[in-house]
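Me: I am new to this structure and would like a close look at a single part of it, namely the surroundings of the ligand and the annotated binding-site positions. Please take me through that part slowly, and then show me how it sits within the chain as a whole.

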Amino acid sequence: EPQAPAHFIRHIIATDLHSNKHNGKVITRFPPEPNGYLHIGHAKSICLNFGMAIEHNGTCNLRFDDTNPEKESVEFMESIERDVQWLGFKWAELHHASDYFEQLYLYAENLIEQGKAYVDSLSAEQIRIYRGTLTEAGKASPDRDRTIADNLDLFRRMRAGEFADGQYVLRTKIDMASPNINMRDPALYRIRRIHHHRTGNDWCIYPMYDYTHCISDALEGITHSLCTLEFEDHRPLYDWVLNELQTPCHPQQIEFARLQLEYTIVSKRKLNQLVTEKHVSGWDDPRMPTIAGLRRAGFTPKAIRDFCERIGITKQNSWIEMGVLEHCIREDLNENSPRVMAVLQPLRVVIDNYPDDTEQLEISNHPQQPALGKRQVPFCKTILIERDDFSDNPPPKYKRLVVGGEVRLRGSYVIQCNEVIKDTNGCITELRCSYDPNTLGKNPEGRKVKGVIHWVSEQHALSAEVRLYNRLFALPQPDNEDNFLDAINPNSLELLSDCKVEASLANALPEARFQFERNGYFCLDKDSVAGKLVFNRTVSLRDNGEK
Ligand code: ATP
Ligand code: MG
Ligand code: MG
């Protein structure tokens with residue numbers, strides 16, 4: 001493994017360890033909101049948080065930031081656990097922000113008792129107007145000077161369910177003139193009568209994200225709270241809350257640039273829209289940039305981790321080319337996936353001088369990896385080759401099969417085409433060929449045969465559907481369109497339903513990955529049934545700007 005590149009967060013952690021800042025510990029957390037499936041952007045955060053912990057003998061927690069029940073679900077939580085594990089990481093502790101609801105409530109009473117929070121009756125709209133703008137100071141709410149006793153009483157009655165949704169909010173009392181608008185008395189609690197997937201109907205008030213996050217970090221003893229750049233302006237609030245309360249520790253929030261990947265979308269809200277409006281078949285559609293989608297497309301955890309390491313960690317927003325992710329998976333699959341033969345658009349070839357029986361040819365599964373072994377591939381008189389591996393009107397330099405020409409069948413003999421059979425429409429239905437019995441595993445005598453094509457035995461081959469996936473979006477930055485849906489690639493899926501694959505694939509399991517010789521990298525889909533295998537294209541063999 002190459003040495004991981006240095007980055008500023010590694011540097012901060014090394015410095016903190018050196019100065020014993022957090023008692024020599026590194027405890028990080030990955031804190032997803034369970035309102036969708038994880039995507040490749042989350043993978044960056046997962047690899048960073050777990051990676052920093054592993055590298056420094058620390059630990060990393062998985063914490064569900066589940067304070068927004070209307071958008072969250074158990075399905076999403078389960079998918080998140082599955083995806084983090086699949087990526088190869090183990091959390092030290094599994095937590096839910098909702099487990100801290102009682103504690104968060106008590107801390108809020110404490111802020112009220114210190115005179116640092118108040119119950120406000122302004123509407124959400126009024127609060128927004130009172131908050132002011134960048135160039136204009138905010139205006140105090142008439143409720144800002146409510147007494148501590150009244151605030152406590154009202155807050156307890158908010159919890160007890162005496163008020164309607166939205167009738168009151170609990171706000172911090174910080175500074176309505178702060179140049180940072182996030183510090184102009186941000187809300188801590190709102191009234192919301194909604195069932196929570198874990199706490200049921202126990203609560204009708206729910207804590208806000210910023211308040212919940214810093215306290216959750218502190219309760220878990222997090223040392224380095226790594227988050228994306230948009231939270232930079234929230235860091236003063238993070239620190240304010242922890243400074244005002246006697247929490248067990250004060251984690252350091254550190255921001256880094258979020259991943260932006262060309263030709264796709266990394267926003268759970270928009271991915272959710274793709275799913276609910278059926279632009280894709282689900283969260284795990286192989287075109288989706290979700291972990292589940294990448295997995296179903298045939299990506300490996302190693303390739304995704306490699307990608308996250310390669311793109312680095314900085315404080316500058318930038319766009320990463322899709323080619324980088326594709327390069328990572330291509331490299332892994334080239335090295336590790338067994339080769340098999342699959343004919344996507346079959347054309348029958350009859351070898352007239354071949355006997356009527358079957359010969360088992362032994363073919364190695366990987367040209368450079370003997371450890372991947374060999375397999376038996378049946379060969380007989382009637383085989384199938386790729387339609388475009390024959391031409392009766394060949395362009396210059398065409399190296400494949402032509403009438404009167406020869407070609408090598410991969411792992412087998414050299415054949416020559418003698419006759420083309422066409423139907424009444426002029427469509428080629430069959431080639432009549434002959435083979436040279438002296439060419440198995442050796443060059444033909446006295447002549448050079450340049451082309452090598454793949455094939456399958458017609459009588460042994462298995463039927464398959466092959467799904468050729470292309471990029472989901474036709475434009476590099478779909479978010480630049482008025483509506484990102486306008487950037488959807490109309491040709492993101494090409495279905496080939498009459499493919500034939502070699503018999504050795506009969507026992508392949510879903511998620512098994514292969515190189516289909518000369519065609520690309522493919523993985524067996526869960527939609528496969530006996531008699532009809534289904535394969536997804538992960539990526540093409542070479543970078544051709546498509547897939
Ligand atoms: P989305 O907009 O997709 O909902 P989010 O940031 O709201 O993203 P969370 O569930 O809150 O999603 O994310 C969990 C963690 O993953 C957070 O720490 C967040 O900063 C990080 N994260 C989310 N998207 C990216 C991204 N594109 N690049 C890097 N980290 C990300
Ligand atoms: Mg979030
Ligand atoms: Mg979000």
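Reply: What follows begins with the ligand, moves on to the annotated positions and some residues of interest, and ends with the wider chain.

Please keep in mind throughout that this is a predicted model. Around ligand 1 there are 15 residues, and among these P32, G41, T228, R258 and K268 come nearest. Two elements, helix α2 (40–55) and strand β8 (224–228), each supply at least two residues of this shell, and α2 gives the most, with four residues. Sorted by class, the shell around ligand 1 is evenly divided, since it holds five nonpolar, five polar and five charged residues.

The annotated positions come next. Under the heading "binding site", an unreviewed UniProt entry lists D65 and Y209. Although these two positions are spread over 145 residues of sequence, they cluster in space, with a largest C-alpha distance of 8.0 Å.

D65 lies in the loop that runs between β2 (59–64) and α3 (74–86). Is D65 buried or exposed? D65 counts as buried, because 20 C-beta neighbours lie inside 10 Å and a residue is called buried when 20 or more other C-beta atoms lie within that distance of its own. Once its neighbours within four places in sequence are left aside, D65 is in contact with P31, P32, E33, A97 and H213. One of these partners, P32, has already appeared among the residues that come nearest to ligand 1, and P32 thus links the list of contacts of D65 with the shell described above.

The other annotated position, Y209, belongs to helix α7, which covers residues 209–219. Y209 counts as partly exposed, because it has 16 C-beta neighbours inside 10 Å, a number that falls between the limit of 12 or fewer for exposed residues and that of 20 or more for buried ones.

Three further residues can be placed in the same careful way. R235 is found in helix α8, which covers residues 235–244, and it is partly exposed, because 19 other C-beta atoms lie within 10 Å. Its C-alpha atom is separated by 9.4 Å from that of N182, a residue 53 positions away along the chain.

N20 and Y263 invite a reading side by side, because each of them has a positive phi although it is a residue other than glycine: the value is near 60 degrees for N20 and near 65 degrees for Y263. N20 lies in the loop between α1 (8–19) and β1 (27–30), while Y263 has its place in the loop between β10 (260–261) and α9 (268–276). In their surroundings the two part ways, because N20 counts as exposed with 9 C-beta neighbours inside 10 Å, whereas Y263 is buried with 21 other C-beta atoms within 10 Å.

It remains to set this part within the whole. The chain is divided into domain 1 (8–260), domain 2 (268–336 + 464–539) and domain 3 (339–460). The C-alpha centres of domain 2 and domain 3 lie 30 Å apart, and the contact between these two domains takes 17 residues from domain 2 and 16 residues from domain 3. On the side of domain 2 that touches domain 3, the elements giving two or more residues are β23 (462–469), β24 (493–501) and β25 (513–516), with β24 giving the most, five residues. By class, that side of domain 2 has nine nonpolar, three polar and five charged residues.

An unreviewed UniProt entry also carries the annotation "domain: tRNA synthetases class I (E and Q) anti-codon binding", which covers residues 452–525. Over this stretch the chain is 0% helix and 42% strand, and the end C-alpha atoms are 29 Å apart.

Taken as a whole, the chain has 12 helices and 27 strands, and its C-alpha atoms fill a box of roughly 100 × 55 × 40 Å along the principal axes. Its radius of gyration is 31 Å, whereas a compact globule of 547 residues would have one near 24 Å. Buried residues make up 39% of the 547 residues, and among the contacts with a separation of 6 or more, 70% join residues that are 24 or more positions apart.

Methods:
Residues numbered from 1 in each chain as written. Chains lettered and ligands numbered in written order. Predicted model: local features only at pLDDT ≥ 70, side-chain atom pairs only at ≥ 80, totals over all residues. Domains from an automatic or database assignment. Contact = placed C-beta atoms within 7 Å. Nonpolar A, V, L, I, M, F, W, Y, C, P; charged D, E, K, R; others polar. Near = placed C-beta within 6 Å. UniProt positions renumbered as here; feature names shortened; annotations may be inferred. Rg over C-alpha atoms; globule rule 2.2 N^0.38 Å.
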